[in-house]
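Me: Got a model open here and a few quick things to ask. Can we go through it together?

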Amino acid sequence: MKWKTILLLSLFGILMGLNSVFGIVKNIEWLLWLIIAIVSAYILNKQTKKLLVTHAVITGLFMGILNAIIQSSLFDMYLANNPEIEGFKQWPITIEPQDFLLMAGPFMGIVYGLVIGLFALLIKKISKKRK
């Protein structure tokens, strides 16, 4: 396993967590996540020869966890800078929204890691055709 690569790519989770907390690019956050997935897939494809999808899923998992930690620890600022999610604070479930973010982060990260893995496999296939 290329842990250094995984951990360095996981820092994108902190970057995006801070981005969402401060509401910097609300309307194009999805585009940034897409760009990060493609860049991560490219880097993983260059750095790893075995277990490409496993590396991608672990990277996505760590990104999701770090993103959730940032959002939940700065939850009041997150709500203040993202008024469109104000209803999130008054939902009828007994769990606190911050705790929900912490629980959902790993699951979202795994799904995101699968997306990175699919991009990585696609990049690998394209690069093989060029050779």
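Me: Which residues does glutamate 29 touch, leaving out those up to four places away in sequence?
Reply: Met16, Asn19 and Ser20. A contact here means heavy atoms within 4.5 Å.

Me: What are these values based on?
Reply: This is a predicted model, where local features need pLDDT of at least 70, side-chain atom pairs count only at pLDDT 80 or more, and totals for chains, interfaces and linings use all residues. Residues are numbered from 1 along each chain as its sequence is written, and side-chain values use heavy atoms, with hydrogens and water left out.

Me: Where is glutamate 29 found?
Reply: In helix H2, residues 29–47. Helices are DSSP runs of H or I with at least four residues, strands are runs of E with at least two, and both are numbered from the N terminus.

Me: Is glutamate 29 buried, and what is the nearest side chain of opposite charge?
Reply: Glutamate 29 is buried and has no salt bridge. The nearest side chain of opposite charge is lysine 26, 9.5 Å away. Buried means under 20% relative accessible area, exposed over 50%, and partly exposed in between, with a 1.4 Å probe and protein chains only. A salt bridge needs a side-chain nitrogen of Lys or Arg within 4 Å of a carboxyl oxygen of Asp or Glu. For charge, Lys and Arg count as positive, Asp and Glu as negative, and His and the chain ends are not counted.

Me: And isoleucine 28, where is its place?
Reply: In the loop between helix H1 (3–22) and H2. Isoleucine 28 is partly exposed, with a relative accessible area of 40%.

Me: Switching to H1. Which of its residues are buried?
Reply: Among them are Thr5, Ile6, Leu9, Met16, Asn19 and Ser20. The buried residues of H1 pack against H2, helix H3 (52–73) and helix H4 (75–81).

Me: How many residues does H1 have, and what does it span?
Reply: H1 has 20 residues and reaches 29 Å from its first C-alpha to its last, close to the 28 Å expected. The expected span is 1.5 Å times one less than the number of residues.

Me: What comes just after H1?
Reply: Glycine 23, with a positive phi of about 65 degrees.

Me: Zooming out, how many helices and strands?
Reply: The protein has 5 helices and 0 strands. Of its 131 residues, 38% count as buried. The C-alpha trace spans about 55 × 25 × 25 Å along its principal axes.
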